[in-house]
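This report describes a single protein model, moving from one helix residue to the strands, the pocket and two loop positions. The sequence and structure are shown below.

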Amino acid sequence: MNDCVFCKIIDGSIPSKTIYEDEKIKVFMDINPVANGHLLLIPKKHIKDITELDDENLIYFKNIINNKITPMLKEKLNIEGLTIIQNNGYGQEVKHYHIHLLPRYQNDNMETRIEKENIKNVDLIYEELSK
């Protein structure tokens, strides 16, 4: 998709600070990080969201995160954990499947931005979901 910013990063027409790349994926620094070492993992093939992602690639991405990216972040940035986020539909700014890898550090005070007053009682939500 020629209008996709991530496809342009893959083809090199938009530069990126790439930290890992192979024939299937590219992992690069997020230009608007919310943590030191915030990375994006994207497939080189344009896939809109998780509904278009096959199991083989999902397992491949997981293995890259577990066996290459996490050990590198632990060694080089001394991370103590990793939050993995993937949005679909509303909240997905770029409509090209991507995984946010957010390094976690003790006392980083990272919080979600969800307004707590908008969260309904768990029992009410369970009642809706279990109908």
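Is P71 buried, exposed or partly exposed? P71 is partly exposed, with a relative accessible area of 36%; here buried means under 20% relative accessible area, exposed over 50%, and partly exposed in between, with a 1.4 Å probe and protein chains only.

## Basis of the model

The model is predicted: local features need pLDDT of at least 70, side-chain atom pairs count only at pLDDT 80 or more, and totals for chains, interfaces and linings use all residues. Residues are numbered from 1 along each chain as its sequence is written, and side-chain values use heavy atoms, with hydrogens and water left out.

## P71 in helix α2

P71 belongs to helix α2, residues 55–77. Helices (H or I, at least four residues) and strands (E, at least two) are DSSP runs, numbered from the N terminus. When neighbours within four places in sequence are left aside, P71 is in contact with I65 and N66, contact meaning heavy atoms within 4.5 Å. P71 and P43 are separated by 28 residues in sequence and by 20 Å in space, C-alpha to C-alpha.

## Strand pairing

Strands β1 (residues 18–21) and β2 pair in the antiparallel sense over 3 bridges; two strands pair if DSSP finds at least two bridges between them. A hairpin links β1 to β2 through 3 residues. Within this pairing, E21 stands opposite K26 in β2.

Strand β5 has two antiparallel pairings described here. With β3 (residues 39–43), β5 shares 3 bridges, and I99 of β5 is the bridge partner of L41. With β4, β5 shares 5 bridges, and P103 in β5 has L82 opposite. β5 is mostly covered, 5 of its 6 residues being buried. In a regular strand, side chains alternate between the two faces of the sheet.

## K26 and F6

K26 lies in strand β2 and is buried, with a relative accessible area of 6%. The K26 side chain makes a polar contact of 3.4 Å with the side chain of T18 and another of 3.3 Å with the side chain of E21. A polar contact is a pair of N or O atoms within 3.5 Å; within protein, one must be able to donate a hydrogen and the other to accept it, and residues adjacent in sequence count only if both atoms are side-chain atoms. E21 is thus named twice, as the residue opposite K26 in the strand pairing and as a side-chain partner of K26. Apart from neighbours within four places in sequence, the contacts of K26 include I9, I10, S16, Y20, L40, L41 and I42.

F6 lies in helix α1 and is buried, with a relative accessible area of 6%. Neighbours within four places in sequence aside, F6 is in contact with F28, L40, I42, V94, H96 and H98. F6 and E21 are 15 residues apart in sequence and 14 Å apart in space, C-alpha to C-alpha.

## The largest pocket

The largest pocket holds about 980 Å³ of space. Of its 30 lining residues, D30, N32, H38, E93 and H100 are the closest to its centre. On a 1 Å grid over the protein atoms alone, a pocket is an open set of points where a 1.4 Å probe fits, with protein on both sides within 12 Å along at least five of seven lines; lining residues have an atom within 4 Å of a point. Grid points are joined across faces, edges and corners, and a volume is the space filled by probe spheres set on the points.

At least two lining residues come from each of α1 (5–11), β2 (25–29), β4 (81–85) and β5 (99–104). The most are given by α1, with 3 residues. By class, the lining has 15 nonpolar, 10 polar and 5 charged residues. Nonpolar covers Ala, Val, Leu, Ile, Met, Phe, Trp, Tyr, Cys and Pro, charged covers Asp, Glu, Lys and Arg, and the others, Gly among them, count as polar.

## Positive phi in two loops

Most residues other than glycine have a negative phi. N78, in the loop between α2 and β4, has a positive phi near 55° and is exposed, with a relative accessible area of 56%. N107 is not a glycine either, yet has a positive phi of about 65°. N107 is found in the loop between β5 and α3 (122–129) and is exposed, with a relative accessible area of 67%.
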